Amino acid sequence: MDTLVISAALVRELLSPEDCIEALEAALTAAARGDVVQPLRAVAWRPDAQGAVAGMPGYIGEPAVLGAKVIAVFPDNRQRGKPSHQGIVVLHDPTDGRLMAIIDAGEITAIRTAAASALATRLLAREDASVLALLGTGVQAKEHLRALRTVRPIREVRVWSRTPDHAQEFARRAEEVEGLRVLAVSTAERAVRGAEIVCTLTAARSPVLRGEWLMQGAHVNAVGASTRAFRELDAQAVARSRLFADSAASLRAESADYLGALEEGAIDGAHLIGELEELVTGSVPGRTDPAQITLFKSLGLALEDLAAAQRVFDASVAQGRGVHVEIGAPH
Ligand code: NDP
């Protein structure tokens, strides 16, 4: 049986941030009407915690999408010149299970995660927010800069990273690619103070963002700490913010940013205001005051991977792109 294989390069060519944001909005709207099935992800860590593989199956109804992402995460790979996220998204025919597509998951993850933050930013940040702080300089930092520019008039970017050379190099490249002034700074505090949008995009295991640095009216996308072993925000950053998550269940199960603040007594169980799908449908109000600090905690959802993968698959079929392989037994 015929299966379409779609490479990383083709994903990048076929999936723009704008397309991906639109696909996520549709999938989140389906979730809001109860038309999505996505169990919590299953993660198997190596015993030395150097790497893990995660499985994220899901189903989206109307139009139906059925599939799963399998992704290996090796946080220190960047130091070895290798990507930290590697894997595939598979799409099955939702009517009979036929394996329709195998798609590079590194690119899907890169683009869909930034698209989710961009969507949250569009729904939560102040309209005029134009000063952006990026903590981290990896794949997500690059993608966030690209995607956030589609939803807010970014005019100033500050970037900090654990390795100062990486911040310098990122700033140089980002100026070249994005045509914006990007400033590498020596501390996270210098990046964050006075920033209207702050993105935490690191594999840090202890906080890199302190709540006391956040200005009134700021919006934060907290992206890096997507399993319990990682934490980027101190308790005050969570306590000072009006908190939204992509998934309440994932937040309570996997977010050390949230659980740490809870355990330290800085917040209680009622601190979470709502989920991204509720912001998309407008059933829960986002920002209600220009001085509020808003926080979007991203853990990553199967529906995001599947919605993005389906877009790429549809475009590949329409343009006759990708490589056809025979995998299943002929009948
Ligand atoms: P990369 O490997 O490309 O970059 C990692 C970044 O994290 C680098 O800037 C690195 O800094 C920094 N970093 C690594 N370890 C530490 C540490 N101990 N303290 C401070 N900074 C550190 O990863 P990505 O950009 O792809 O992903 C960034 C984070 O986002 C990861 O934690 C990843 O798991 C998470 N993620 C979350 C998703 C979600 O859906 N919420 C989806 C995809 C990723 P430097 O190299 O300069 O030292």
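Which residues of strand 11 point one way, which the other way, and are they buried or exposed? The legends below take up this view first, in a predicted model.

**View 1. Strand 11 and the strands paired with it.** Strand 11 covers residues 197-200. I197 and C199 point one way from the strand, while V198 and T200 point the other way. All four residues named here are buried. Strand 8, made of residues 131-135, pairs with strand 11 in the parallel sense, over four bridges. Within this pairing, C199 in strand 11 stands opposite L134. Strand 12, residues 219-222, also runs parallel to strand 11, and four bridges join them. Here the bridge partner of C199 is N221. C199 thus has a partner in this view both in L134 and in N221 of strand 12.

**View 2. The hairpin of strand 4 and strand 5.** Strand 4 (residues 52-60) and strand 5 (residues 65-73) run antiparallel and are joined by nine bridges. One of the paired positions is A52, whose bridge partner in strand 5 is V73. Four residues lie between the two strands of the hairpin. In the turn, E62 has a positive phi of about 50°.

**View 3. Strand 5 with strand 6.** Strand 5 also pairs with strand 6, residues 85-92. The sense is antiparallel, and the pairing extends over eight bridges. K69 stands opposite V89, which belongs to strand 6.

**View 4. Helix 3 and its N-terminal cap.** Helix 3 runs through residues 105-124. At 1.5 Å a residue, its 20 residues should span 28 Å, and the end C-alpha atoms are 28 Å apart, so the two values agree. Of the 20 residues, 18 are buried, which means that helix 3 is largely enclosed by the rest of the structure. D104 caps the N-terminal end of the helix. A side-chain oxygen of D104 lies 3.1 Å from the backbone nitrogen of G106.

**View 5. The surroundings of E304 in helix 11.** Helix 11 spans residues 302-319 and includes E304. E304 has a relative accessible area of 1%, and because this is under 20%, the residue counts as buried. Its side chain and that of R112 are joined by a polar contact of 3.4 Å. Apart from neighbours within four places in sequence, E304 is in contact with L24, R112, A116 and D246. R112 therefore appears in this view both as a contact of E304 and as its partner in the polar contact, beside a residue that is buried.

Definitions and conventions
Residues are numbered from 1 along each chain as its sequence is written. This is a predicted model: local features need pLDDT of at least 70, side-chain atom pairs count only at pLDDT 80 or more; totals for chains, interfaces and linings use all residues. Side-chain values use heavy atoms; hydrogens and water are left out. Buried means under 20% relative accessible area, exposed over 50%, partly exposed in between (1.4 Å probe, protein chains only). A polar contact is a pair of N or O atoms within 3.5 Å; within protein, one must be able to donate a hydrogen and the other to accept it, and residues adjacent in sequence count only if both atoms are side-chain atoms. Contact means heavy atoms within 4.5 Å. Two strands pair if DSSP finds at least two bridges between them. The expected span of a helix is 1.5 Å times one less than its number of residues.
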